[in-house]
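Dear colleague,

Please find the sequence and structure below. My notes on the arrangement of the chain follow, and I would be grateful if you read them with the structure open.

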Amino acid sequence: MVDVNPLKIRNIDFQFDADTPYYWNPKHIYWGNFVNFVTLVAPGFEKYFIKAIRSAIPLINNPLVAEEADKFCRQEAQHSRHHIAHLKVLLNRYPGLEQVFDDVNRSYAALYQNHSMHFHLGYAAVVELCFGPLAKFI
């Protein structure tokens, strides 16, 4: 079996410091606000995706597919680290956002607890497939 579309883990290196403004992309404010929104929700759904996919990996018979699933989890963990770094800057300036972040994390914990692995994997697939086109649209 030839892997025609191998997942490559991109090494991203965004830097955030205490001086990063809320409107960090003044030429594209809507895009910047979208990324701020994603920063509030992404760590929650990335943790959810990783937990769901990690629980499914032992059930995957094809080693190439299992390896791809593992790479996906590592990529999501990297994305989450960068969103959390951005989130820390936002929370320092706007501490009221912490409640939103906590609510998102609780909702994903409840989602995981109340649904099947098939649901989780389908949910992860749909959300991931939507992000590329949505980002291009915005």
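**Helix contacts and selected residues**

The model is predicted, and the description begins with the pair formed by helix H3 (residues 97-114) and helix H4 (residues 117-137), whose axes come within 8 Å and cross at roughly 135°. Because of that angle, H3 is oblique to H4. On the H3 side, the contact is made by Tyr108, Leu111 and Tyr112, and on the H4 side by Phe119, His120 and Tyr123. Sorted by class, the contact of H3 with H4 holds 5 nonpolar residues and 1 polar residue, with no charged residues.

**The protein as a whole**

The protein contains 4 helices and 0 strands; followed along the sequence, its pattern is α-α-α-α. Of its 138 residues, 35% are buried. If one takes the contacts between residues at least 6 apart in sequence, 75% of them join residues at least 24 apart.

**H1 and H2**

A second helix pair consists of H1 and helix H2 (residues 63-93), with axes that come within 8 Å and cross at roughly 150°. An angle over 145 degrees counts as roughly antiparallel, and H1 is therefore roughly antiparallel to H2. The crossing in which H1 passes H2 is left-handed. As for the residues in the contact of H1 with H2, 15 are nonpolar, 6 are polar and 5 are charged.

**Thr39**

Thr39 lies in helix H1, which spans residues 29-56. Is Thr39 buried or exposed? Its relative accessibility is 0%, so Thr39 counts as buried. The side chain of Thr39 is joined to that of His86 by a polar contact of 2.7 Å. Once neighbours within four places in sequence are left aside, Thr39 is in contact with His83, His86, Leu87 and Leu90. His86 thus appears both in this list of contacts and as the partner in the polar contact. For orientation in the viewer, residues 63-93 form helix H2.

**Val104**

Val104 belongs to helix H3. With a relative accessible area of 12%, Val104 is buried, because the cut-off for a buried residue is under 20%. Which residues does Val104 touch, not counting those up to four places away in sequence? They are Leu40 and Val41. Val104 can also be placed relative to Pro43: the two residues are 61 apart in sequence, and their C-alpha atoms are 9.0 Å apart in space.

**Leu121**

Leu121 is a residue of helix H4. Its relative accessible area is 30%, so Leu121 is partly exposed. Residues up to four places away in sequence being excluded, Leu121 touches Ala52, Ile53 and Ala56. One of these contact partners, Ala52, is 69 residues from Leu121 in sequence, while the C-alpha to C-alpha distance between Leu121 and Ala52 is 6.5 Å.

**Points to view together**

When you open the structure, I suggest beginning with the contact of H3 with H4, including Tyr108 of H3 and Phe119 of H4. The pair of H1 and H2 may follow, with its left-handed crossing. The side chains of Thr39 and His86 can then be displayed together for their polar contact, and after that Val104 with Leu40 and Val41, and Leu121 with Ala52, Ile53 and Ala56.

With kind regards

Notes: Residues numbered from 1 in each chain as written. Predicted model: local features only at pLDDT ≥ 70, side-chain atom pairs only at ≥ 80, totals over all residues. Heavy atoms only, no water. Axes fitted to C-alpha atoms, helices over the stretch in contact; angles between N-to-C directions. Helix = DSSP H or I, 4+ residues; strand = E, 2+ residues; numbered from the N terminus. Parallel < 35°, antiparallel > 145°, perpendicular 65-115°, else oblique. Contact = heavy atoms within 4.5 Å. Nonpolar A, V, L, I, M, F, W, Y, C, P; charged D, E, K, R; others polar. Buried < 20%, exposed > 50% of the residue type's maximum accessible area, 1.4 Å probe, protein only. Polar contact = N/O pair within 3.5 Å; in protein donor to acceptor, adjacent residues only side chain to side chain. Left-handed = near helix turned anticlockwise from the far one by under 90°.
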